[in-house]
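Welcome, and please have your viewer ready. This tour goes from one selection to the next, with a short note on what you will find at each stop.

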Amino acid sequence: MCGIFGVYGHQEAAALTQLGLYSLQHRGQESAGIVAVDDDGRARVSRAMGLVSEGFEDAEMDVLQGPIAIGHTRYSTAGASAIENAQPILARVRRSHIALAHNGNLTNAVELRRDLEDDGAIFSSTMDSEAIVHRIARATGDSPEARVASALQGVEGAYCLLVVLDETVVVARDPHGWRPLVMGRLGESYVFASETCALDIVGATVEREILPGEIVAVDAQGVRSIQPLAAAPINRCVFEHVYFARPDSKVFGGSVDRSRRALGRKLAIEQPAPGAEVVFAVPDSSNSAALGFAEESGIPYELALIRNHYVGRTFIQPTQAGRDAKVKVKYNPVRELLEGKSVVMVDDSIVRGTTTRGLVSLVRAAGAREVHMRVSSAPIISSCYYGIDTPHRGELIAAQMSHAELVRHLGVDSLGYLSIDGMLSAMPSGPDGYCHACFSGRYPTPIPADPELLRAGSAA
Ligand code: SF4
């Protein structure tokens with residue numbers, strides 16, 4: 001799961017890309033990078049572990065000159081958290097260059113890599129994305145977009161790509177449309193981003209979504225769009241609206257804030273909490289859903305849990321040790337709002353349950369009389385192979401325990417999840433065309449033959 005951002009045709013392309021990456025920081029905090037191409041066609045890259053704010057020194061930004069740039073914020077879904085796996089990838093091939101930023105996860109990465117290695121390819125990272133670079137390097141075509149189209153034949157799974165081939169930016173989205181990608185305009189320049197909030201920060205206007213299966217090229221000859229990939233059922237990721245995207249973004253054509261409020265309202269209808277006196281969110285991703293729950297139920301909304309914003313997202317820390325330590329430093333309850341009360345705690349999802357259990361204990365210690373847990377999505381029971389780093393099924397608490405066991409384990413007085421139908425009916429374009437495999441176990445495509453090998457990214 002990652003954020004990608006790109007600019008074509010602006011002399012401050014790298015600086016704009018850095019700004020865009022700030023807005024996409026929530027999509028990945030392990031590493032960040034920018035590739036810029038100057039007026040003479042020279043490509044330069046800067047990548048670093050950590051946050052965007054930590055990654056780019058002024059001196060480095062000064063070097064990233066030119067009218068073309070692409071950038072990436074990463075957390076690992078395939079390949080370890082290490083600098084050699086930071087993106088964008090920049091490869092030099094036959095006196096030209098290929099730069100690539102990828103959001104998503106390829107489901108046949110192991111096979112793609114094995115075929116390339118059998119054919120003599122040498123890999124410098126463990127990322128699934130590197131296989132695409134090799135395939136582009138070997139592909140032929142009478143235009144940059146035709147080369148990318150040829151390279152993507154046989155590539156399966158989720159991808160939104162920003163590619164720079166010499167002085168052309170090529171943008172691609174897989175035919176299922178799992179991940180979001182939008183195109184915007186900034187004067188005469190073109191801007192591409194995972195979410196619209198990244199267009200807002202640079203003052204770009206949203207032009208349109210890149211369509212599932214579409215490849216767009218932009219260069220000195222203008223903008224060209226082709227749809228060379230076989231059409232497939234649309235499977236937009238419902239979890240983007242539930243948890244991942246920012247509420248100030250429009251994703252898949254709809255406001256994330258609106259869909260989260262609708263999720264909260266439906267949750268209040270399906271799983272009411274009679275007698276409760278206060279509703280509060282597990283901030284920040286659940287704020288809108290908790291507001292929706294409060295609006296529908298009439299129970300007052302309070303800011304009863306305060307989040308320390310200087311600690312990263314628990315969910316996307318790659319090790320258990322990092323996650324455990326962060327629960328307590330990340331949240332603190334407001335005792336005055338909780339003491340002696342029956343309260344509703346709204347969260348968008350429960351993954352391992354570690355955070356939820358810790359929070360319930362904090363809220364009880366602050367004096368809450370009853371804690372009613374309400375979740376604005378269905379129970380997560382299966383892993384994701386399309387770009388969200390949900391853990392192995394064995395670590396998913398809802399897959400391991402019955403409802404009664406969960407209530408006891410989490411230490412709540414009651415626990416209510418939204419149904420899958422309720423969740424899908426809150427999506428901006430209606431319930432159809434969404435992937436819900438992690439909630440239903442119904443995968444819309446074949447899953448990898450060896451998921452653990454894919455996760456490790458070893459693909460060797
Ligand atoms: Fe999104 Fe879940 Fe589907 Fe993955 S499995 S794409 S997280 S809905």
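## First stop: Val45

Select Val45, which sits in strand S3, spanning residues 43-49. Bear in mind as you look around that this is a predicted model.

Is Val45 buried, exposed or partly exposed? Its relative accessibility is 36%, so Val45 counts as partly exposed. Now show what surrounds this side chain. Setting aside neighbours within four places in sequence, Val45 is in contact with Ile34, Val35, Leu64, Pro88 and Leu90. Add Ile89 to the selection as well: Val45 and Ile89 are 44 residues apart in sequence, yet their C-alpha atoms are 8.4 Å apart in space.

## From Pro88 to Arg94

Stay with Pro88, one of the contacts of Val45. Pro88 is placed in the loop between strand S4 (68-74) and strand S5 (89-93). Display the backbone here and check the peptide bond between Gln87 and Pro88: this bond is cis, with omega at about 5°.

Next, follow the chain through S5 to Arg94, in the loop between S5 and strand S6 (96-103). Arg94 is not a glycine, but has a positive phi of about 45°. With a relative accessibility of 67%, Arg94 counts as exposed.

For a companion to Arg94, jump to Phe252, in the loop between strand S15 (250-251) and strand S16 (254-255). Phe252 also has a positive phi without being a glycine, here about 55°. Is Phe252 buried or exposed? At 5% relative accessibility, Phe252 counts as buried.

## Two helices to colour by burial

Select helix H1, residues 13-23. This helix is mostly covered, with eight of its eleven residues buried. The buried ones are Ala13, Ala14, Leu16, Thr17, Gln18, Gly20, Leu21 and Ser23.

Then move to Asp284, in the loop between S17 and H10. A second cis peptide bond for your list joins Pro283 to Asp284, with omega at about 0°.

Carry on into helix H10, residues 287-297. Its buried residues are Ser288, Ala289, Ala290, Gly292, Phe293 and Ala294. What covers these buried residues? The cover includes helix H9 (256-270) and strands S17 (278-281), S20 (342-347) and S21 (370-375). Step just past the end of H10 and you reach Gly298, where phi is positive at about 80°.

## Val412 and its surroundings

Select Val412, found in the loop between helix H15 (403-410) and strand S22 (414-417). Although Val412 is in a loop, this residue counts as buried, at 7% relative accessibility.

Leaving out residues up to four places away in sequence, Val412 touches Val360, Arg364, Val371, Met373 and Val407. Show those side chains together. Then draw a C-alpha to C-alpha distance from Val412 to Glu370: they are 42 residues apart in sequence and 7.6 Å apart in space.

## A look at the cysteines

Select the cysteines and display their sulfur atoms. How many disulfides does the structure hold? The count is zero. Why is there no bond at Cys2? The closest cysteine sulfur, in Cys160, is 11 Å from the sulfur of Cys2, too far for a bond. At 5% relative accessibility, Cys2 counts as buried.

Cys197 is likewise in no disulfide, and the nearest cysteine sulfur, again that of Cys160, is 14 Å away. Cys197 is buried too, with a relative accessible area of 2%.

## Zooming out

Finally, clear the selections and show the whole chain. Cartoon view will bring up 18 helices and 23 strands. Taken along the principal axes, the C-alpha atoms fill a box of roughly 70 × 45 × 40 Å. For 460 residues, a compact globule would have a radius of gyration near 23 Å, and the 22 Å of this chain agrees with that.

Colour by burial and 62% of the 460 residues will count as buried. The accessible surface comes to about 17,000 Å², and carbon and sulfur atoms account for 51% of that area.

A contact map makes a good last display. Among contacts between residues at least 6 apart in sequence, 69% join residues at least 24 apart. If you colour by charge instead, the chain has 43 positive and 54 negative charges, and their mean positions are 4 Å apart.

Definitions and conventions:
Residues numbered from 1 in each chain as written. Heavy atoms only, no water. Helix = DSSP H or I, 4+ residues; strand = E, 2+ residues; numbered from the N terminus. Rg over C-alpha atoms; globule rule 2.2 N^0.38 Å. Buried < 20%, exposed > 50% of the residue type's maximum accessible area, 1.4 Å probe, protein only. Contact = heavy atoms within 4.5 Å. Areas by Shrake-Rupley, 256 points an atom, 1.4 Å probe, with all protein chains shown as cover. Lys, Arg positive; Asp, Glu negative; His and termini not counted. Charge placed at Lys NZ, Arg CZ, Asp CG, Glu CD. Disulfide = S-S within 2.5 Å.
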